Amino acid sequence: MNPIRPNAGLRGDVGNTVVRGDAFLRSDGRKGIRNTVAVVYLVECAHHVAREIQWPFREHDVHLIGFGGCFPNDYSFRMLKALGTHPNVGAVLLVSLGCEGFNRHGLLQAIRASGRPADVVVIQETGGTRSTIEKGRRWVEDARARLADVPRAPMAAHELVVGTVCGGSDGTSGITANPGIGRAFDRLVADGAVCIFEETGELIGCEEIMAARAVTPELGRILVASVAKAARYYTVLGHGSFAPGNADGGLTTQEEKSMGAYSKSGSSPISGLIKPGDVPRAGGLYLLDVVPDGEVRFGFPNTSDNAEIAELIACGSHVTLFSTGRGSVVGSAISPVIKVCANPETYRNLADDMDVDAGRILEGRGTLEEVGAEIHRLTLEVAAGARTASEALGHQEFVLGYKAFEPIGPACHPAYA
Amino acid sequence: MEAIRLSPLDNIVVLTRRVEAGGRVRVDGVELTIDRSLGLGHKLALRPIAAGEKILKYGVSIGSATCDIGPGAHVHLHNMRSDYLPTYTIEEGRLFRDGA
């Protein structure tokens, strides 16, 4: 049961526990925990046709993702390329109107080069809505049949990539669910897995504490600079990553929310800084910088939680750990979302939507260690095929907007040097 | 347990359950009387906090007091502010829209 990942040597001997014997083996050696067909619209004008193609298969691991803009954007291309070649995705159908700016040929070529079945239907060349929907559905049926025979291989804990995000935070998030996820992250990093935390705009106020955990002083300076960039960006926009519900829930300031959010990262050393679409090649804890580079353009960096989840998945996340206090109900296309509820009142109100009752700590029904161990165990179970609450309820949210990034430099991931 | 002090450095505590106005909370040997009904997750001053003093939670600053705050008082938007970015609330948004 040798790990297939070519860089396994970087990860040492930890985490060789097999989490599932029948992971979906892709031709690049990466392994998926789901075997999804992605239907991808390349402009809002193709959204309806793509949704109609996907809809009859929505309970059979066929997901809808896409990009609404008509004007081309390197970031959105990179995102859809990363998602179309994600290990949880087995086949991809692109849906184009025909005149949009998106480089459909480039995207199709990149996905085909990964060995996946992939094709494009162009509405203007296929006789319009009805015939494109029929052609698309036939393609999806055929792809699903082909995916049934995809090669399988054992997958070890150290081959997992796990992201974390918080949404609908309140005064309980930073004392139950977030540090609980931090404990789970510490266990996963010890397993050799890649763990990714994010939203530099929600780390404003913790930059110096965070920098002290970087594996090199230079990486520490890069982490501080990424938060300073976020603070500048949000200052120009007028307010930060702070929603009115946060204040109703007892949070008062951005830096208070930040400290709570920061505790999701646990206590491992920080191995690197990545940007959307960068897939870490060695195990460890990474900060995902989600705030665009350069002058402020295109409005708010992350219009809602799912924009951040999509970026975590584009960085390879097989599973996302989502902390909520006020009570978010979302899931995601492509990779399952485990919802960790911080607030015991919210849990009672929205129990069907939640996977973990972390708020029980406040009522003396459990400890932080127990919650952390439960999140870790559940992550491995979901990797092994167990469905999360949001998957069972059919949640497949996805959103992707415009951004601009400079590539990361070698100092951002010292372990590769 | 009605409230917790997350770090020994903190000058505030966090409510772990809903508390009604006039209710009492005991934490770290101090008894506080609550001046208004509050939901869990909200903050109370553990000791007198002077205007301009840092509000400490998790042992770090989460902003500054904008007026003198007495022990047991609710610590929130009305008596503290961020040292980084202004906090946006639905009420402010409504005022802004009505005034526009």
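# A tour from T126(A)

Start by selecting T126(A): leaving aside its neighbours within four places in sequence, T126(A) is in contact with V121(A), S131(A), T132(A) and K135(A). Here, two residues are in contact if their C-beta atoms, placed from the backbone, lie within 7 Å.

Before you click on, a word on labels and limits. Residues are numbered from 1 along each chain as its sequence is written, while chains are lettered from A and ligands numbered from 1 in the order in which they are written. What you have open is a predicted model, where local features need pLDDT of at least 70 and side-chain atom pairs count only at pLDDT 80 or more, while totals for chains, interfaces and linings use all residues.

**Stop 1: around T126(A)**

T126(A) sits in the loop between strand 6 (118-122) and helix 4 of chain A. (Helices, H or I of at least four residues, and strands, E of at least two, are DSSP runs numbered from the N terminus.) Is T126(A) buried or exposed? Neither quite: with 19 other C-beta atoms within 10 Å, T126(A) is partly exposed. The cut-offs are 20 or more other C-beta atoms within 10 Å of a residue's own for buried, 12 or fewer for exposed, and partly exposed in between, with C-beta atoms placed from the backbone. Now add G98(A) to your selection: its C-alpha atom is 10.0 Å from that of T126(A), though the two are 28 residues apart along the chain.

**Stop 2: two helix pairs**

Two packed helices are described by the angle between their axes and the distance between the axes. Select helix 1 (residues 47-54) and helix 4 (residues 129-147) of chain A, whose axes come within 8 Å and cross at roughly 40°. (Axes are lines fitted to C-alpha atoms, for helices over the stretch in contact, and angles run from 0 to 180 degrees between N-to-C directions.) Helix 1 and helix 4 of chain A are therefore oblique to each other. Angles under 35 degrees count as roughly parallel, over 145 as roughly antiparallel, 65 to 115 as roughly perpendicular, and the rest as oblique.

Helix 1 of chain A passes helix 4 of chain A in a right-handed crossing; that means the near helix is turned clockwise from the far one by less than a right angle, while anticlockwise would be left-handed. To see who touches whom, show V49(A), E52(A) and I53(A) of helix 1, then T129(A), T132(A), I133(A), G136(A), R137(A) and V140(A) of helix 4. Sorted by class, these contact residues are 4 nonpolar, 3 polar and 2 charged. (Ala, Val, Leu, Ile, Met, Phe, Trp, Tyr, Cys and Pro count as nonpolar, Asp, Glu, Lys and Arg as charged, and the others, Gly among them, as polar.)

Next, pick helix 2 (residues 74-84) and helix 3 (residues 104-113) of chain A: their axes are 9 Å apart and the packing angle is about 30°. That makes helix 2 of chain A roughly parallel to helix 3 of chain A. Their contact joins F77(A), L80(A), K81(A) and G84(A) of helix 2 to L107(A), A110(A) and I111(A) of helix 3. Here the split is 5 nonpolar, 1 polar and 1 charged.

**Stop 3: helix 10**

Go to helix 10 (residues 305-314) of chain A. How many of its residues are buried? It is 10 of the 10, so helix 10 is largely enclosed by the rest of the structure. Those buried residues pack against helix 2, strand 8 (161-166), strand 9 (194-198), strand 11, strand 12 (319-324) and strand 13 (337-341) of chain A. Just past helix 10, G316(A) has a positive phi, near 105°.

**Stop 4: odd backbones**

Most residues other than glycine have a negative phi, and most peptide bonds are trans. So click on E199(A), which is not a glycine but has a positive phi of about 60°. E199(A) lies in the loop between strand 9 and helix 6 of chain A and counts as buried, with 26 C-beta neighbours inside 10 Å. In chain B, try Y58(B), another residue other than glycine with a positive phi, near 60°. Look for Y58(B) in the loop between strand 6 (54-57) and strand 7 (60-65) of chain B.

**Stop 5: where the chains meet**

Finish by colouring by chain. The contact takes 27 residues from chain A and 28 residues from chain B. On the chain A side, helix 7, helix 8 (244-248) and helix 9 (254-262) each supply at least two residues, and helix 9 gives the most, with 4 residues. By class, that side has 9 nonpolar, 14 polar and 4 charged residues. Across from it, chain B has 1 helix and 9 strands.
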